[in-house]
Amino acid sequence: MRVAKQIIALFVAIVALASVPSAFADPADISAASRSVVRVVIIESDGDRARLITHGTGFAVTPNLIVTNAHVVEELRGDDSLIAGVVPAEGRNGYPAKLVAYSPGNDLALLRIEGGGKLTPITLFPGAPGDGSEVYAVGYPGNVDLAQGLSMADLVTPQEAVKTRGYLSGGRSSRSFDTLLHTAPLGSGNSGGPLLDSCGRVVGVNSFGTVSDNSTDSSFYFAISMRELSGFLLKAKVDAHTSGLPCRSIADLDRAEAQRAAGDQARLAAETEARAQANQQKLEQVRREAEMAVLSERDNGMALAALLLVAALGVGGWGMVQASKHRGKFERKFVFGSAVLLISAVAVWFLRPPLASIDSRAKEMLEEPQPSVSTSSIAARSDDNGRMICVLDPERSRVTVSDITDVPIDWNDSGCMNGKTQYGLANDGWSRILVPNAEEAVSVNSYDPETHTYTVERFLVGLDAMTQARAARAKLSAPACGAGEDAARQFGQNQQAIKALLPPEPNERMRYNCQPAP
């Protein structure tokens, strides 16, 4: 009864978790994507003097290629005295750029960074966003620059991009080219900037807004669709990164994991209850069998004792008859035979199993010999700790910018991954925190040998946070593979210094189910 109440309570908890509405994606995704957004400036250079002609927004689709609007860079085509530059949101002041593709028919252009500069590419969403979807515009509106009183020098120094939020309204494309109608506010300098979904993926390129003489009219804005952008990039032979997985928040995943855990607990409780009932039924059945066996042995013993007693009396009586025929001479063989039969009858009577032995007999019947461990099972256990192929579980993952590929691993019980990378052991299991020098992302990789689950959590942090994480990593000394459990535990504790610098939730969480490699 108590187990049944626990199952009901867990079921109620699952229903309660399922009824909670999905949360919006973490704003950190928009911040991470905005680090791929740049200010595009067109400058007239006349000797020692420079004058800002115009500016707009763009975003990196490869480390050195920037998408923007054609009308932002239009003046470059007819005046050799003008130069283009891109100013990232953080880091160095900017890079010179060259116009390499121009498509005024759908207001798209492509700039190439000169001088070896590189930026983090943004991710594109190849599908069609849903009507009413939440979207974000990221860029450098000129009215904000004006309100801040920024000078030309300020415009060519790193500035954080402005983010605005709105919603899509489907079915109202412009007639000139395929566009998305949305309500995320734009300024004049937003031209060429990305329109993002809730996971920070590009769904369009902001281009223009509505014009009205009536100040009471609402403002609406148009972004060039991914259909137009994909064709433009294909023609320019640009291979941009795309991700078409559903946009789910980490909160959604956490709720799903909680439901999954609650379901597992309910299932385990039900299985435990079923096993208990099956064991009780088996115990009762075995006890009945033991009882019948003991009673049968007692009855058989009683019958045998009675038979032996009758035989003893018969032998003794026959001996007396023979003695009377021989004038009172009683032969010894009859005395001995009668005594043996009588003693046997008494022994059989007392050797019958007592009624108290029913429980112990039932216990003996329940006990089963332990199966021996076969060679094949030992081999299977070796496979569990050896070479594995890990396949992404989309239902338990959130992927916004990373590529999806199977991951081969080679794990052993000491926490050594692929024969060269020692994982740290902490309260939350085996993990290794990776802080690369060439990428603005921190990865927390973990492996659970019990469930054969490999998890990668990626934090797309800013330049300052990466600098701090790299400084903390430089203070750590990772032990060599096979250094022992104490070294692994100490390393796991030391890694917490890096983890403390990370945001509460990752931008991406990729869970892989691992199976022995063929």
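How many bridges join strand β4 to strand β5, and do the two run parallel or antiparallel? In this predicted model, three bridges hold the pairing between β4, which covers residues 82–88, and β5, which covers residues 95–103, and the two strands run antiparallel. Within this pairing, Gly 85 stands opposite Pro 96, the latter belonging to β5. The strands β4 and β5 form a hairpin with six residues between them, and in that hairpin Gly 91 adopts a positive phi near 100 degrees.

Following the chain onward, β5 is also joined to strand β6, made up of residues 108–113, by six bridges, and this pair likewise runs antiparallel. Here Ser 103 has Leu 108, a residue of β6, as its bridge partner. The hairpin of β5 and β6 has four residues between the strands, and Asp 107 takes a positive phi near 60 degrees in it. Strand β5 therefore has bridges to β4 on the one hand and to β6 on the other.These strands belong to a chain whose secondary structure comes to 13 helices and 21 strands. Of the 518 residues in the chain, 40% are buried, that is, they have under 20% relative accessible area. Turning from burial to contacts, and counting those with a separation of 6 or more, one finds that 70% are between residues 24 or more positions apart in the chain. As for the surface, the chain exposes about 28400 Å², of which carbon and sulfur atoms supply 55%.

Terms used: Residues numbered from 1 in each chain as written. Predicted model: local features only at pLDDT ≥ 70, side-chain atom pairs only at ≥ 80, totals over all residues. Heavy atoms only, no water. Buried < 20%, exposed > 50% of the residue type's maximum accessible area, 1.4 Å probe, protein only. Contact = heavy atoms within 4.5 Å. Areas by Shrake-Rupley, 256 points an atom, 1.4 Å probe, with all protein chains shown as cover. Pairing = 2+ DSSP bridges.
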